[in-house]
Amino acid sequence: MRLIESVRIAWRSIRSHRLRSALTVLGLVIGIASVVVFATFGASIEAEIVGDIEGSSASNVYVFATPADDEDGGFDRVVQPAFTERDVQALASLPGVTAAIPRGTVDANSLTHGEDTVARQRVTATTPATFDEDRIVAGRGFRSGSAEVVLNERAAQTFAENVTVGDQLTLSLSGNRTHDLQVVGIVNGTAGGLPVSDFAEGSRVYVPVDPFYRTVVESPSVGVRQRAYPQVTVVTDPTGIEATRTAVATYLDEESDARLLVPAGTEPTARTSGDFAARISSVIDRVTRFVTGVAVIGLVVGAIGIANIMLVSVTERTREIGVMKAVGARNRDVLVLFLVESGLLGAVGAVLALPVGLGVGYAATRYAEVGFTLAPGWMATAVGVGVAVGVLAGLYPAWRAARVDPIDALRYE
């Protein structure tokens, strides 16, 4: 029997049981579409996060302490003030470095705007170099040594009445210290923050290191007490980022105060946005594979549905099989006929599932407010697996049909 004839007979059989075939295909559509949705959404999230990290801080080298056996790409940071003012100045003087921006935290109790007070556990102490002109929404960055404060947009919206430039805030710090501060700037992001924290931007309040940051240690190199920070961001030209990272790493290993001040089992580390992007990409990829693997269960359900309908079809067409064999059809012809029918069911399910999955995936990215990115590898895999599932699910029914005895089949009622 020619293949084209097998396809025609199989399609006629599918059309003769439209509702049953449609319900069977529906199970396969749900399974394949689920795979496409999760894979597409995962690819979109990955592209959005990695794009933000690589685009917003491509010229930064982030310096902080991590466990010596760090396998987390820099995510497992040690918040230990170990980088002294000497380290900050030395990093700033390295070839190709534009600025070295220290960051520390100041323990706080609350922040008051007018009659509205909100709890505040900490504020960020940093230098004026933190504030890029293109990220300032209103006003300007603060000046060192001043009673000024800069808020990001989320922090400005924390109060019942939004904070604007020129407003007065009262900052309550630990030790019953209070400071009246003038809001001089609102920003939508800052230089110097780790890219992973900038992506999930929360409510942030920035004050000058001088006079608010008081964490000091004795510098092993110069023997005097200096301010010490848990993180320093080294800003350089993006084209020389790798050379700068190498120079920073060499300084940290050989000359820095931090190498002697970090806790046992930790070491000062230099990371770039590319390091964070690669790590995040790896994590999201693993999560996507896991969730998509769960969606493959839907394909198993679809395969069971196809196997069931094919077994029913073999039973219903026993007499037809007998007639085919009586007029010369071989076992192989019957086997191919039923395999073609199950394969058609799988192919129809795959063809219908692809646009459904892409549509739902697009809607999910719109809801999450991220860009839509295709996952062609997963899409091709989902379609291929869908067709393969159809064929494999029909193997036993087709084998059973091929083994039908023609005499018994002709007697079947």
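This briefing covers a long helix, a small set of backbone features and an internal cavity in the structure above. The structure is a predicted model, in which local features need pLDDT of at least 70 and side-chain atom pairs count only at pLDDT 80 or more, while totals for chains, interfaces and linings use all residues. Residues are numbered from 1 along each chain as its sequence is written, and side-chain values use heavy atoms, with hydrogens and water left out.

**Helix α11**

- Helix α11 spans residues 331-368, which makes 38 residues, where helices (H or I, at least four residues) and strands (E, at least two) are DSSP runs numbered from the N terminus.
- From its first C-alpha to its last, α11 reaches 54 Å, close to the 56 Å expected at 1.5 Å a residue, the expected span being 1.5 Å times one less than the number of residues.
- At Ala-353 the helix α11 bends by about 30°, and Pro-355 follows within four residues; the bend is the angle between axes fitted to the seven residues ending at a residue and the seven starting there.
- Glu-369, just after α11, takes a positive phi of about 60°.

**Gly-346 within α11**

- Gly-346 is found in helix α11 and counts as buried because its relative accessibility is 0%, with buried meaning under 20% relative accessible area, exposed over 50% and partly exposed in between (1.4 Å probe, protein chains only).
- Leaving aside residues up to four places away in sequence, Gly-346 touches Leu-28, Ile-306, Gly-386, Val-387 and Gly-390, a contact meaning heavy atoms within 4.5 Å.

**The cavity**

- A search of the whole structure finds one cavity of 30 Å³ or more, a cavity being a set of points on a 1 Å grid over the protein atoms alone where a 1.4 Å probe fits but cannot get out, with lining residues having an atom within 4 Å of a point.
- The largest cavity has a volume of about 40 Å³, taken as the space filled by probe spheres set on the points, which are joined across faces, edges and corners.
- Its lining includes Ser-13, His-17, Arg-20, Met-310, Glu-341 and Leu-345, and the elements giving two or more residues to that lining are α1 (3-16), α2 (18-56), α9 (273-316) and α11.
- Helix α9 gives the most to the lining of the largest cavity, with three residues.

**Other backbone features**

- A cis peptide bond with omega of about 25° joins Asp-210 and Pro-211, and Pro-211 lies in helix α6 (residues 209-212).
- Asn-176, in the loop between β8 (168-173) and β9 (177-187), has a positive phi near 60° although this residue is not glycine.
- Asn-176 is exposed, with a relative accessible area of 75%.

Methods
On a 1 Å grid over the protein atoms alone, a cavity is a set of points where a 1.4 Å probe fits but cannot get out, and a pocket is an open set with protein on both sides within 12 Å along at least five of seven lines; lining residues have an atom within 4 Å of a point.
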